[in-house]
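Biologist: I am new to this structure and would like a close look at a single part of it rather than a tour of everything. Please choose one part, explain how it is held by its surroundings, and then place it within the chain as a whole.

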Amino acid sequence: MSVMTDINENLATMNLIESTKIIFINRYGKQPSLFFAPGRINLIGEHTDYNDGFAMPSAIDMGFVFAVAPNGTKQFNLYASDLDSDISFTASTLKAGPHWHNYLMGVIHGLRARGLDEGFDCAFGGNIPSGAGLSSSAALCSGFAFALNEVFNLKLTRIDLARIAQQAEHNFAGLMCGIMDQYASLFGKEDSVMLLDCRSLTHEYLPFQSPDVEILLIDSKVKHELASSAYNDRRAACEEGVRIIQQQYSNVLSLRDVSPTMLHESKIELGENVFTKCLFIVEEIERTQRAAQCLSRKNFIDFGNLMFEAHRGLSESYEVSCKELDVLVGLASANPQLVIGA
């Protein structure tokens, strides 16, 4: 089996691998190649990826398993075991839409432009909670692209695959996402987080190991659909802010290039909403760089305080939190002897 990232699978994932293999064999009557693609968490650096900033994601041990084999035709046969749903189509019928297969059609579209010219059979299943903020769609698209790249020896780099997966979400699912989620799924490393430079698409691994510190992931039970949420509105506010600031500073390409002083100079032109959203991003980019310095010194206390700062900004300024998340973070901050950041 080919694993996209250096992440040890848990027992549930190992069972998923075996069950997906059996499903494929029973359905298509042959042996598949198997691939695992993880979801991700992001410790700090929220909404910075589509602003050319820095983020700090880490792959997790939940994800998708793909079983794939060529079929010697021009037909693409897909089976989503979690949904007990299948579809067969050819390249002439690739289309955008809100369904699971549209995401994968987007990946096929991108790979066909890079040399994919054969049909295949694919069964897949996952153990990432859908809509829980663990980037299930990015793991789906990135893992699918990775699997096909390996099976058909397309010789694409992981950066190529991340971009193809991102474009699949843009053009076939209607979500103008950044590239952090796809990148984290493709480049994650066990016992590490990464400081990702979303402009240069380079990263630095930062060890996250301490006998006194563990990362606890809590499900708020609040589901979200990014394509139908305020995500695209926030991105549009950032782009509007850059457009206005460029009138005074022509060298500005994104909010990565903007300082708080530059924002305050244009506050009237920006308007309160755009100003507030842009200020959060500018501060979050700087906060993420400070967080990386904390980790390099194993200063988890200051790192945790920066996480609390980031959540306040997400809740009060960027307005992408919800009452359930705010309650969870509030409970965490009320227990400083147990929780250093949330």
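Modeller: Two strands count as a pair if DSSP finds at least two bridges between them. With that in mind, and remembering that what you see is a predicted model, I would like to take you to strand β5, which covers residues 76–80.

The partners of β5 come first. Five bridges join β5 to strand β6, made of residues 85–89, and these two strands run antiparallel. To see one rung of that ladder, look at Y79, whose bridge partner in β6 is D86. The two strands make a hairpin with four residues between them, and in its turn D84 has a positive phi of about 50°. Strand β5 is also joined by five bridges to strand β7, residues 120–126, but here the two strands run parallel. A rung to look for on this side is F76, which stands opposite F120 in β7.

The next point is how far β5 is covered. A residue counts as buried when its relative accessible area is under 20%, and five of the five residues of β5 meet that condition, so the strand is largely enclosed by the rest of the structure. The side chains divide between two directions: F76, L78 and A80 point one way from the strand, whereas N77 and Y79 point the other way, and all of them are buried.

Two of these residues lead on to further neighbours. F76 belongs to one aromatic cluster together with F64, F66, F89, W100, F120, F124, F144 and F152, so that F120, its opposite number in β7, is met here again as a member of the cluster. On Y79, the face of the ring has R27 over it, at 4.1 Å from the ring centre.

Both of these themes, rings that gather and charges that sit over rings, can be followed elsewhere in the model. Ring pairs are counted when their centres lie within 6.5 Å, and by this rule there are 16 aromatic pairs. One of them joins Y183 and F187, whose ring centres are 4.3 Å apart and whose planes meet at 20°, so the pair is stacked. These two residues are four places apart in helix α5, residues 180–187, and are therefore separated by about one helical turn. Y183 counts as buried because its relative accessibility is 2%, and F187 is buried as well, with a relative accessible area of 15%. A second charge over a ring is found at Y205, where K189 lies over the face at 5.0 Å from the ring centre.

It may help to set β5 beside another group of strands. Strands β3, β8 and β9 form an open sheet in the order β3-β8-β9, with antiparallel pairing. Its edges are β3 and β9, residues 202–207, each of which pairs on one side only. Six bridges join β8, residues 192–197, to β9 in antiparallel fashion, and one rung to look for there is S192 with its bridge partner P207.

For a sense of distance from β5, take L78 and T48, which are 30 residues apart along the chain and have their C-alpha atoms separated by 34 Å. T48 lies in the loop between β2 (33–42) and β3 (54–55), and at 0% relative accessibility T48 counts as buried even so. Leaving aside residues up to four places away in sequence, T48 touches G53, F54, A55, E284 and I285. Q337 offers a contrast, since it lies in the segment after α10 (323–333) and counts as exposed at 75% relative accessibility.

Finally, the whole chain around β5 has 10 helices and nine strands, and its C-alpha atoms fill a box of roughly 65 × 50 × 35 Å along the principal axes. For 342 residues a compact globule would have a radius of gyration near 20 Å, and the 21 Å of this chain agrees with that. Buried residues make up 51% of the chain, and among contacts with a separation of 6 or more, 69% join residues 24 or more positions apart.

Terms used
Residues numbered from 1 in each chain as written. Predicted model: local features only at pLDDT ≥ 70, side-chain atom pairs only at ≥ 80, totals over all residues. Heavy atoms only, no water. Phe/Tyr/Trp six-rings, centres within 6.5 Å; stacked < 30°, edge-to-face > 60°. Buried < 20%, exposed > 50% of the residue type's maximum accessible area, 1.4 Å probe, protein only. Lys NZ or Arg CZ within 6 Å of the ring centre and 35° of its normal. Contact = heavy atoms within 4.5 Å. Rg over C-alpha atoms; globule rule 2.2 N^0.38 Å.
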